[in-house]
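Here is a short report for a reader meeting this structure for the first time. Please look at the sequence and the structure before reading on.

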Amino acid sequence: MRGHGAWLWLPPLAAVAAYAPAQAVVYLTVEQAQKEMFGDEALTSLPLVLSAAQIAAIERDSGVKVASPIVRVWKAPSGYFFADAVIGKHDLIEYAVGLDANGRVRGVEILEYREAYGGEVRNAAWRAQFDGKRHGDALRLGEDIQGISGATLSCQHLTDGIRRLLATYAVAIAPR
Amino acid sequence: MTHRLASFALVFSALVGCAARADESAPPAASAEARAQSLERKIETLSRELDALKNELKQVENQNEALAAQQQQQAVLAQQQSAVQNGGGPWDRLSLWGYGEVNYYHPQHRPEDTQADLARAVFGIGYRFGERTVFNSEYEVEHAVSSADDPGEFEVEQFWVDHRFAGWGAVKAGLFLMPFGLLNEHHEPTNYYGVQRNFVETLIIPSTWREGGVGLHGDTVSGLGWDLGLTTGFDLSKYELNPETPLYGRASELKEASPLQATHQELALANAQHLAQYLALNYHGLPGFLFGAAVFTGNAGRVDRSAHLPDSRLTLWEAHARWRPGRADFAAVFARGTLGDTAATNALNPGASNPLPGSFFGYYLQGAYDVWRRDQTRLAPFLRWERYNVGASYAGLAAGFAAVPAGFPQPYDRVWTYGMNFYLNPHVVFKADYQSFQNNADFTRFDLGVGLNF
């Protein structure tokens, strides 16, 4: 590429960029993620607000702070579906976790991602490392879950979030 | 509610039972008919009441559903509200971070050159303009004090806007880090082993390497990350062909040996007549593995713009791999650069003490292992072998002249680095290493450092 010809790249780039709408990029909606994990099963939302005692138990169990007492969880005939959010480096990553009737992870899906770095967590093989895990299983990044170079924080915080959800299931849902 | 329904059901079945028995006992016709009529009436009444109850039950069910929906709605609202609060005010849209390192270098054979240095103090500011657009910037002071009389520098290391236009990609524009090697984009001291960054990713890939321009980047679900764009490039007119004294005399100054460190522009009134192109690919579809490669090519101008010399094209490519099985961490990087059409320049400057190299390369292999871990604290000894040559070939050298004058350090070496990183937590690291240089044996040194990142 010689001389000024190089600048010819710029207008199409700018046009593409200007076209984008203002909402966050949604990789999957909650409904799509539910369909992905539970097919045509009917899911009913399960209103759940954690008590102070439950929060304390979840934090003790998972070693992760509970930011909100409100849990977004749905019950399906064959399991449970959680929608949750964690901070990647600076911004929220929205994700979903499906559990089977025994509380084992059926799937993890990234719903929304906002940051410039760390989007590698969308990789299916990385997420598949959580499949089959249940409350009580070791879930530590770098030991039980392999991280992704360059996306360490996103991997770390998602791993923590999933550990927290498994503890939430054990403390507040499974005993019901 | 269900309790009442159950008792009605009991009464009802008892009555039906009675009616059945009445049939069996076959009483006189008249009284039997009367009883049958009365029973029919009772059954009718009961069935009406049952219908009423059913309706009532339906209503309560509906109410329950509405309540649940309301509760769910409230939960979602509360969450949205907290999200709005998180991303609402200007302070919440702002993110701040920082990193830095304080180092100590002790050349084993030249203790008089021992140095302590606040090598870098960097602060980052980010701002989110909306759900899709984010600004990132970093400001760096190198060597503590930046003034006319001091060795330090103040630099804007990054200053760019990233806009995600679709799930599959984003566009970035401004001054951004080039996606080359393992550490250029992730260069915080907690991200690498050893007190100073490795030589391959300092001399061949001139980290912290950034250019001004635009780029497109994204990641696929299958694990392929891609990044390509148009940027400013290098400027050979900044190259010093004939320094009277060596540009570097110890390991901590080796950066000066790099032709790319000498000619990078850092978007400081950068010559932008010619733009360069880059493409970087990374595959992380196997958990624990990372493979990647990148190439950059662009016209780097000429050493003397007034002279009738051909422009040189600079091409740099690299390949890298990292494997982290459990507690171990293996890494390898190979990088090679070429400068075209250097013969005329070198021929015009016979006997130059620092002629233009036609090619340069370097590679390293590194292994580390967490020998001890407790919660977030860990100790990771490591070993690295690297080889670099910033003057692998020269074109147009006048007969009888060497590329490197006698008494100057050699521009190539093989280096063993043994050391350890002690992570107090993921954000604070203490480091120690010993670096042994095979050719420039004088450079062999012992280093200590503390680094942080938040």
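How much area do chain B and chain A bury between them? They bury about 4600 Å². Of this, 56% is on carbon and sulfur atoms. The model is predicted.

## Chain B as a whole

Chain B has 454 residues, and 44% of them are buried. Its secondary structure comes to six helices and 17 strands.

Many contacts link distant parts of the sequence. Take the contacts in chain B with a separation of 6 or more: residues 24 or more positions apart account for 63% of them. On the outside, chain B exposes about 21500 Å². Carbon and sulfur atoms supply 59% of that exposed area.

## The interface with chain A

Two chains meet here. On one side, 53 residues of chain B are in contact, and on the other, 48 residues of chain A. The rule finds three salt bridges across the interface of chain B and chain A. B:Arg128 forms a salt bridge with A:Asp91. The closest N and O atoms of that pair are 2.6 Å apart. Eleven residue pairs are in polar contact across the interface, with both residues at pLDDT 80 or more.

Which elements of chain B supply the side that touches chain A? At least two residues each come from α2 (29-88), β1 (94-107), β3 (133-142), β4 (153-166), β6 (210-219), β7 (224-231), β9 and β10 (313-323) of chain B. The largest share comes from α2(B), with seven residues.

## A nonpolar patch on the surface

Chain B also carries a nonpolar patch on its surface. The patch is formed by B:Leu224, B:Leu279, B:Leu281, B:Tyr283, B:Leu286, B:Phe291, B:Val295 and B:Trp317. Together these residues have about 650 Å² of accessible area.

Two strands of chain B, β8 (276-283) and β9 (289-299), each supply at least two residues of the patch. Strand β8(B) gives the most, with three residues. Strand β9 of chain B also supplies at least two residues of the side that touches chain A.

## One residue of the patch

B:Val295 is one of the patch residues. It lies in strand β9 of chain B. Is B:Val295 buried, partly exposed or exposed? B:Val295 has 36% relative accessibility, so it counts as partly exposed. That value falls between the cut-offs, because buried means under 20% and exposed means over 50%.

Notes:
Residues numbered from 1 in each chain as written. Chains lettered and ligands numbered in written order. Predicted model: local features only at pLDDT ≥ 70, side-chain atom pairs only at ≥ 80, totals over all residues. Heavy atoms only, no water. Patch = residues over 30% accessible without salt bridge, like charges linked within 9 Å, V, L, I, M, F, W, Y side chains within 5 Å. Areas by Shrake-Rupley, 256 points an atom, 1.4 Å probe, with all protein chains shown as cover. Salt bridge = Lys/Arg side-chain N within 4 Å of Asp/Glu carboxyl O. Helix = DSSP H or I, 4+ residues; strand = E, 2+ residues; numbered from the N terminus. Buried < 20%, exposed > 50% of the residue type's maximum accessible area, 1.4 Å probe, protein only. Contact = heavy atoms within 4.5 Å. Buried area = accessible area lost by both parts, 1.4 Å probe. Polar contact = N/O pair within 3.5 Å; in protein donor to acceptor, adjacent residues only side chain to side chain.
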